[in-house]
Amino acid sequence: MAWMRFNSNTHIRSAGMQVSFDVLYPEHGVGAKGGRTLYLLHDYGENRAEWLLQGSLPEFVEKYALTVVLPEGLNSFYVNLPSAHFFSDYLCDDLPAYLEGILPLSSQREDRFIAGIGMGGYGAFRQVLNRPEVFGGGASFSGILDIRGFYGEQASLPCGKQGTTIPAGHLFGTWQELEENGNDLFLAARRLAGEKEGVAFPRLLQVCPDTDPRLEDNRRFHEEASGLVIPVAYEETGKSSRRDYLYGCLEKCIRFWQA
């Protein structure tokens with residue numbers, strides 16, 4: 001397996017800053033048409049090393065002959081921020097185009113999959129629901145799927161330093177802007193079901209522990225998507241260590257993608 005680390009502000013401009021990402025590339029089994037790519041997104045308050053430290057990634061890269069990309073998302077929720085740091089455009093446009101230009105990776109949507117935990121689960125579904133022509137599917141592990149809650153009881157989010165917070169509107173836009181900007185996943189799912197003619201629905205996978213505080217939000221999203229006839233597989237898991245949970249999620253994700 002090859003492990004490559006990139007720091008780029010020349011080829012990837014949409015993020016509005018220098019961006020870092022890691023690429024884990026298999027030694028064998030890529031194939032003539034180019035390899036499949038899994039984009040893995042980290043949680044809020046974490047960084048891309050979360051997956052490197054706990055996810056047993058080298059094993060999966062070689063076992064399934066796939067390339068894994070670990071973008072640094074900061075605490076952006078992987079949206080196009082009002083501050084002009086466009087993380088969604090970065091994930092959907094610039095990053096795939098850049099990597100597929102320098103590595104033998106397939107550019108077919110069915111060969112791209114995106115997944116993440118917590119904030120990363122939100123980010124994965126946010127890209128898939130709004131840009132189904134880019135990714136063939138997405139997976140959310142313990143995803144933060146109802147961001148409108150941040151406008152209620154949690155009107156701001158913690159931001160790094162102790163006691164420092166950031167208003168939800170600085171990340172997702174105003175309450176009114178949620179109607180159009182794609183950041184409300186429930187609205188994005190309804191829009192996809194009603195407007196995305198000619199594009200096959202992406203396949204979605206949700207995994208959430210039955211003790212997770214986000215469980216009810218995950219259940220509601222699954223019910224919403226299923227009612228819209230968007231294909232979504234759903235699983236609730238028991239209690240386990242974080243390392244075991246991430247390992248199990250990766251295994252489920254890849255098998256789901258391959259099925």
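Buried here means under 20% relative accessible area, exposed means over 50%, and partly exposed is in between (1.4 Å probe, protein chains only). The model you have open is predicted, so local features need pLDDT of at least 70 and side-chain atom pairs count only at pLDDT 80 or more, while totals for chains, interfaces and linings use all residues. Residues are numbered from 1 along each chain as its sequence is written, and side-chain values use heavy atoms, with hydrogens and water left out.

**Stop one: the cysteines.** Select cysteine 208, which is buried at a relative accessible area of 0%. A search for disulfides (pairs of cysteine sulfur atoms within 2.5 Å) finds 0 in the whole structure. For cysteine 208, the nearest cysteine sulfur is that of cysteine 249, 9.3 Å away. Cysteine 253 is in no disulfide either; its nearest cysteine sulfur, again that of cysteine 249, is 8.7 Å away. Cysteine 253 is also buried, with a relative accessible area of 0%.

**Stop two: helix 8.** Now select residues 242-258, which form helix 8. Helices (H or I, at least four residues) and strands (E, at least two) are DSSP runs, numbered from the N terminus. Helix 8 has 17 residues and reaches 24 Å from its first C-alpha to its last, close to the 24 Å expected at 1.5 Å a residue (the expected span is 1.5 Å times one less than the number of residues). Its buried residues include Tyr245, Cys249, Cys253 and Trp257.

**Stop three: the salt bridges.** Which helix 8 residue pairs with glutamate 235? Show lysine 252: the two side chains meet in a salt bridge at 3.8 Å, N to O. The term means a side-chain nitrogen of Lys or Arg within 4 Å of a carboxyl oxygen of Asp or Glu, and the count comes to 17. Glutamate 235 is in strand 10 (residues 232-237), 17 residues from lysine 252 in sequence. Glutamate 235 is partly exposed at 32%, and lysine 252 is partly exposed at 29%.

Next, pick arginine 5 and aspartate 22, whose closest N and O atoms are 2.8 Å apart in a salt bridge. Arginine 5 lies in strand 1 (residues 2-8) and aspartate 22 in strand 2 (residues 19-25), so the pair ties together parts that are 17 residues apart in sequence. Arginine 5 is exposed at 52%, whereas aspartate 22 is buried at 0%. Add Arg48 and Glu72 to your selection to see the network of salt bridges that links them with Arg5 and Asp22.
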